[in-house]
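Subject: Structure handover

Hi,

Here is the structure I promised to pass on. Please open it before you read further, and keep it open as you go.

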Amino acid sequence: MISLKDKTVIITGGGTGIGRGIALAFGQQGANVVVSGRRSAPLEETVTEIRRQGGRALAFQGDVAHEEDVQRLVKGTVEQYDGVDILVNNAGIGGHGFIHEHDIALWDQIMAINLRGPFLMARAVLPLMRKQYSGHIINISSEGGIEHYPGSGAYGVAKHALNALSEFIQRENQSHNIRVDAICPGMVVSEMTEATRGLNHDHCLSPEDIAELVIWLVTRRQNIKIGRPILIQTMLNPWES
């Protein structure tokens, strides 16, 4: 089992929900935690909580869809902690619509954050990881990236593409001892979903469930590759009371 003490991890969308849960879990493991997101207040709350628990953390406000923000985030992380060991691409937004009537601006925004963002982040950290001959990238995808739900629109398409991106990155970089995993959660109760009508919170996943899986993945022996997108669900239908 690999120790995460003093390892440096970047978590996008780290201010709330799944990202916050993952950030807190890494902080408890002794990692250097860097969280990013578009809103500064939730990021600072996450950093404050990690530090309250005795951990080390920094926040960088920015949008993963913007290359200059990504470069600033990675550059700042390297300047503070001398490298990047783990990247968790978690930032994402929801949005639905049937393809024949999908709002074009919403489509572009979802693709920019949910797909372009992970591409830009991976593109920025991979040269560092290849040089140090180690690294781990975790892409937080979705059950909607495995199934095909009519009306899921750009969200579903982006998550399917994110799974494919994960496999391409893995195959292109495994000779450099870099691992890539895509996690596909079912319904998670978070800031983005908690107000959804008809959702039974007791039948849903929590951010902590995803965080535990992430920690398990990144602490496996270096030559262990888990494989295809990992589906994590509850055994109860979240839409049944």
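Below is what was found in it, topic by topic. Keep in mind that this is a predicted model.

**Salt bridges**

Let's start with charge. Side chains of opposite charge can pair when their charged atoms come close. The count here comes to 6 salt bridges. Three of them are described below, beginning with D6 and R56.

The side chains of D6 and R56 form a salt bridge, at 2.9 Å from N to O. What does this pair tie together? D6 lies in the segment before strand 1 (8–12), and R56 lies in strand 3 (residues 56–61), so the bridge links parts that are 50 residues apart in sequence. D6 is partly exposed, at 47% relative accessible area. R56 is partly exposed too, at 31%.

Next, look at D69 and R72. Their side chains meet in a salt bridge of 3.6 Å, N to O. D69 and R72 sit 3 residues apart in helix 3 (residues 67–81), which separates them by about one helical turn. Is D69 buried or exposed? D69 counts as buried, with 18% relative accessibility, because the cut-off for buried is under 20%. R72 is partly exposed, at 39%.

Now go to R171 and E167. This salt bridge spans 2.8 Å, N to O. Both residues belong to helix 5 (residues 153–173). They are 4 residues apart there, or about one helical turn. R171 is exposed, at 54% relative accessibility. E167 is buried, at 16%.

**Cavities**

Empty space comes next. Rolling a probe the size of a water molecule over the atoms shows where empty space is left. How many cavities of 30 Å³ or more are there? The count is 2.

The largest cavity holds about 60 Å³ of space. Its lining includes D69 and R72, the salt-bridge pair from helix 3. Also in the lining are S36, F60, Q61, G62, D63, V64, V70, L73 and M121. Which elements each supply at least two residues of this lining? Strand 3 and helix 3 do. Helix 3 has the largest share, with 4 residues. By class, the lining of the largest cavity has 5 nonpolar, 3 polar and 3 charged residues.

The second largest cavity holds about 50 Å³. E167 is one of its lining residues, and E167 is also the salt-bridge partner of R171. The rest of the lining is N163, S166, Q170, V180, D181, A182, G227, R228 and P229. Helix 5 and strand 6 (178–185) are the elements that give two or more residues to the lining of the second largest cavity. Which element gives the most? Helix 5 does, with 4 residues. The lining of the second largest cavity divides into 3 nonpolar, 4 polar and 3 charged residues.

**A pocket and one of its residues**

The second largest pocket contains about 160 Å³ of space. Its lining draws on several stretches of the chain, so find these residues in your viewer: I2, S3, L4, K7, D85, I86, S134, G135, H136, R179, V218 and Q222. By class, that lining has 4 nonpolar, 5 polar and 3 charged residues.

Pick out S134 from that list. Where is S134 found? S134 is in the loop between helix 4 (104–132) and strand 5 (135–140). Leaving out residues up to four places away in sequence, S134 touches M129, H176, N177, I178 and Q222. Q222 also lines the second largest pocket, as S134 does. S134 and N173 are 39 residues apart in sequence. In space, their C-alpha atoms are 9.6 Å apart.

**Cysteines**

How many disulfides are there? The count is 0. C184 is in no disulfide, and the nearest cysteine sulfur to it, that of C204, is 17 Å away. A disulfide needs the two sulfur atoms within 2.5 Å, so C184 and C204 do not qualify. C184 is buried, at 0% relative accessible area. C204 is in no disulfide either. C204 counts as buried, with 10% relative accessibility.

Over to you.

Notes. Residues numbered from 1 in each chain as written. Predicted model: local features only at pLDDT ≥ 70, side-chain atom pairs only at ≥ 80, totals over all residues. Heavy atoms only, no water. Salt bridge = Lys/Arg side-chain N within 4 Å of Asp/Glu carboxyl O. Buried < 20%, exposed > 50% of the residue type's maximum accessible area, 1.4 Å probe, protein only. Contact = heavy atoms within 4.5 Å. 1 Å grid on protein atoms, 1.4 Å probe; cavity = no way out; pocket = protein on both sides within 12 Å on 5 of 7 lines; lining within 4 Å. Points joined across faces, edges and corners; volume = space filled by probe spheres on them. Nonpolar A, V, L, I, M, F, W, Y, C, P; charged D, E, K, R; others polar.
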